[in-house]
Each structure stands twice: as C-alpha cells, then as structure tokens.
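I opened a fresh page for this one and kept my notes short. Here is what I looked up, in the order I went through it.

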2 protein chains.
Amino acid sequence: MFLLSTILYDKNHVLQNNILTTLRHVLSNITMAKNEKHSVKLRIWFYSGENKVLGKGRIELLERIKETGSISSAAKGMKMSYRQAWQMVEEMNEFSKLPLVEKQLGGKSGGGTKVTEAGERAIIAFHTLENKVNAFTVKEAEKLKF
Amino acid sequence: MFLLSTILYDKNHVLQNNILTTLRHVLSNITMAKNEKHSVKLRIWFYSGENKVLGKGRIELLERIKETGSISSAAKGMKMSYRQAWQMVEEMNEFSKLPLVEKQLGGKSGGGTKVTEAGERAIIAFHTLENKVNAFTVKEAEKLKF
DNA sequence: AGACGCTATTCATTATAAAGCATAACGATT
DNA sequence: AATCGTTATGCTTTATAATGAATAGCGTCT
C-alpha cells in the first residue's frame, strides 16, 4: 500500500512528503509512541489586566540582563534579536507596577541596563510560584488516571 | 485626535503604526495600566513524551466533535480551517494511548467522527485538572506579594 | 572634544503558521 | 449504481512573527 502510493506519485516531487509522512507513521508505530509516558506540562504568566508582564522567556531575559548588565548582551546570549529583547523589556516595564529594570542611555561604555529590586523579587516570585504549581500539578495528575 | 490620525495616515500605511503606537502609550498612561490588577494566567497540556496530545484548543475541538458528529462542522464552529482541525485530531489520536475519536470515512451522510469513551474521559480529566491547578495557583499567587 | 558601545528606532527580509482552495476517495443508504 | 457529505491530501496564498541590517542619539569617561 505504501509502495503503491510511492509509485503513483513518482512524477512530481510531492513524493518526498509522502515518503516522509509515511515514514513517520511507520516509525511512530515501531517506536510505539502511544506507549510513551504521558505527562502534563504547564506554563504560567504574570499579567497586568490583559497585558502580559512576565513569562518564562522574559524571566530568563531578566536574569541575563542581571548577569551581563545590558539588554544587548543578554539578547546575544539567548540568540534573540536585540530588537525583540528590547521590546520585551519595554513591555514588561510598562505594565509592571514597579519598574523591573533601569536603563541607562549613553554614558560609561555606552550605557546599560540593570535589574531593579522589584525585578529581582519578580524573578524569585516567578520561580517560586512555578515550582509550587508544578509540584501540585504532578501530584494531582497522578490521581487522574484515564 | 482620532480624526487627525485618520487624515494623516492616508498617504502611506506606516504612519498608522506610528500613530497607533503613540496612541497606545498615551492611553496606557491615561488609563494607568500600571495600576491594573496583577494576575497569574496558566495553561496546561497533556503530553506523550515530547508530543502534545491535548490542550485547551484541542479539548474544545473534541467537545465540538462530540456535539456535531464531524470534524468538519466542529471546525466550522470554531472558525478554524478543516485542514487544521483534521491535523489536530490526527495528532491527538496518534499519540494518545487510546484513540480519542473514531472516524468513519464514507457512509451515511458521508461519514463522520465520534468521540470515544477514552476521549470523554480525557475531556473530563483535563477540565478537572485545569480547575484544580487554577484554584491552587490563585491561592498561592496571593501569598506572593512582590 | 572625541571615543565607546549601548539604547532606541525604522525598514526590508526571512521564517513560520494558518487559511483557503481544489479534488480524490470513501461507503452506507436510497 | 447514484447520491451524499464527510474524511483525506496536496498545493497555493495569505497572515503573522521574528530576524537582520542600518543608523541616530545618548552620556560618562579619558
């Protein structure tokens, strides 16, 4: 059946897709993906009204800003464009009650960005909540066999 | 102000973005977004190994399939393309231990799709877990003032 | 005053995701 | 065997997100 379809489509290079799709199906049966362990994943975000303030990615960005002292090098470390990193920082700062970073434009070595006290507390709070919720979720998920 | 921007923007489209951005900044100050209530949002997913099985969207799709009896009309109801809905169903079924839906190709009124027992249990399990985790998160988040 | 390198901003390009379209295959029912 | 509306599939187009490049502006420090 799979061979048949391969032959039939031999004209155009739709072929490759078919083979890949077919292969994936075959492999998924061989490796028995159905028997892999089921798990629950979750993500949390801090919001202000309808505006996202912090999520996993932004927290990592904050942490790297704290380490490196600049948005620019934090972005580089995350292999993210400076533009996006800057926008993230802009947004989290705009919607957080207290500023999470303080940016310096110009000055020694061109300026830089540092994480405020509020920013550090936010990092800790995020990790704390994430860990608690994760643990709770795992515990509850085990009760739910279906 | 809205009128002004409308007039200005008429030449090129870029203008609109600038004005909107500006407007958003102005409005965000006026409405004092910083003082909006902070909250935590979360999302959960069921996984099999590294493969997503179910999330909020797929659960809704399942529910609509249950109601309507077909992927096609479920998709329509969610304003989602049939193609995507079909792919979602394909994937959730492939990676779930037990099939969540049974599809019939051809037959009475062209065929259809119905949710299996396992599918129904998954729907309930998902909502149950989501509710519990949500409640827990809200409770824990209130302890964390930062 | 000049250098440094970071923030700030725009614009064009590329990558990724979703939608839309067209059509074949299907099989119970009539 | 003709009908029906659905599943199944590939291809094209559109929409959205992210990247990349290019450059202005800044302010401390030497």
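**Entry 1: chain A as a whole**

I started with burial: 35% of the 146 residues in chain A are buried. I kept in mind from the start that this is a predicted model. For the secondary structure of chain A I noted six helices and four strands. Reading along the sequence, I wrote the pattern down as α-α-β-β-α-α-α-β-β-α. I then checked the contacts in chain A between residues at least 6 apart in sequence, and found that 45% of them join residues at least 24 apart.

**Entry 2: a serine in a loop**

Next I went to A:S96, which sits in the loop of chain A between α5 (82-95) and β3 (101-105). Is A:S96 buried or exposed? I found a relative accessible area of 5% for A:S96, so this residue counts as buried, the cut-off being under 20%. I also looked for a polar partner: a polar atom of the A:S96 side chain lies 2.6 Å from the backbone oxygen of A:L98.

**Entry 3: where the two chains meet**

I turned to the interface and counted contacts: 38 residues of chain A touch 39 residues of chain B. How much area do chain B and chain A bury between them? I noted about 3,900 Å², with 60% of it on carbon and sulfur atoms. I like to have that figure on the page, because the size of an interface is often given as the accessible area lost when the parts come together.

For polar links across the interface of chain B and chain A, I listed 12 residue pairs in polar contact, both residues at pLDDT 80 or more. On the chain B side that touches chain A, the elements giving two or more residues are α2 (14-30), β1 (38-48), α5 (82-95) and α6 (117-143). Sorting that side of chain B by class, I got 16 nonpolar, 10 polar and 13 charged residues.

**Entry 4: strands across the interface**

I followed β1 next. Strand β1 of chain A, residues 38-48, pairs with β1(B) in the antiparallel sense, over 11 bridges. To fix the register I took one residue: A:H38 has B:S48 as its bridge partner in β1(B). As a reminder to myself about strands, in a regular one the side chains alternate between the two faces of the sheet.

**Entry 5: a hairpin in chain B**

I then looked at a pair of strands within chain B. Strands β3 (residues 101-105) and β4 (residues 111-115) of chain B run antiparallel and are joined by five bridges. For the register here, I noted that B:V101 has B:V115 as its bridge partner in β4(B). Five residues lie between the strands of this hairpin, and among them I marked B:G106, which takes a positive phi near 75°.

**Entry 6: salt bridges**

How many salt bridges are there over all chains? My count came to 14. Four salt bridges cross the interface of chain B and chain A.

I picked one of those between the chains: the side chains of A:E140 and B:K132 meet at 3.0 Å, N to O. This pair joins two chains, because A:E140 lies in helix α6 (residues 117-143) of chain A and B:K132 in helix α6 of chain B. I checked the exposure of both ends: A:E140 is buried, at 6% relative accessible area, whereas B:K132 is partly exposed, at 36%.

Within chain B, I looked at B:K103 and B:E90, whose closest N and O atoms are 2.5 Å apart in a salt bridge. B:K103 belongs to strand β3 of chain B and B:E90 to helix α5 of chain B, so the pair ties together parts that are 13 residues apart in sequence. Both ends are partly exposed, B:K103 at 39% and B:E90 at 23%.

**Entry 7: a small network**

My last stop was the salt bridge between the side chains of B:E140 and B:K143, at 3.1 Å, N to O. The two are separated by about one helical turn, because they are three residues apart in helix α6 of chain B. B:E140 counts as buried at 6% relative accessibility, while B:K143 is exposed at 56%. Which residues make up the network of salt bridges with B:E140? I wrote down A:K132, B:E140 and B:K143 as linked.

Methods
Residues numbered from 1 in each chain as written. Chains lettered and ligands numbered in written order. Predicted model: local features only at pLDDT ≥ 70, side-chain atom pairs only at ≥ 80, totals over all residues. Heavy atoms only, no water. Buried < 20%, exposed > 50% of the residue type's maximum accessible area, 1.4 Å probe, protein only. Polar contact = N/O pair within 3.5 Å; in protein donor to acceptor, adjacent residues only side chain to side chain. Contact = heavy atoms within 4.5 Å. Buried area = accessible area lost by both parts, 1.4 Å probe. Nonpolar A, V, L, I, M, F, W, Y, C, P; charged D, E, K, R; others polar. Pairing = 2+ DSSP bridges.
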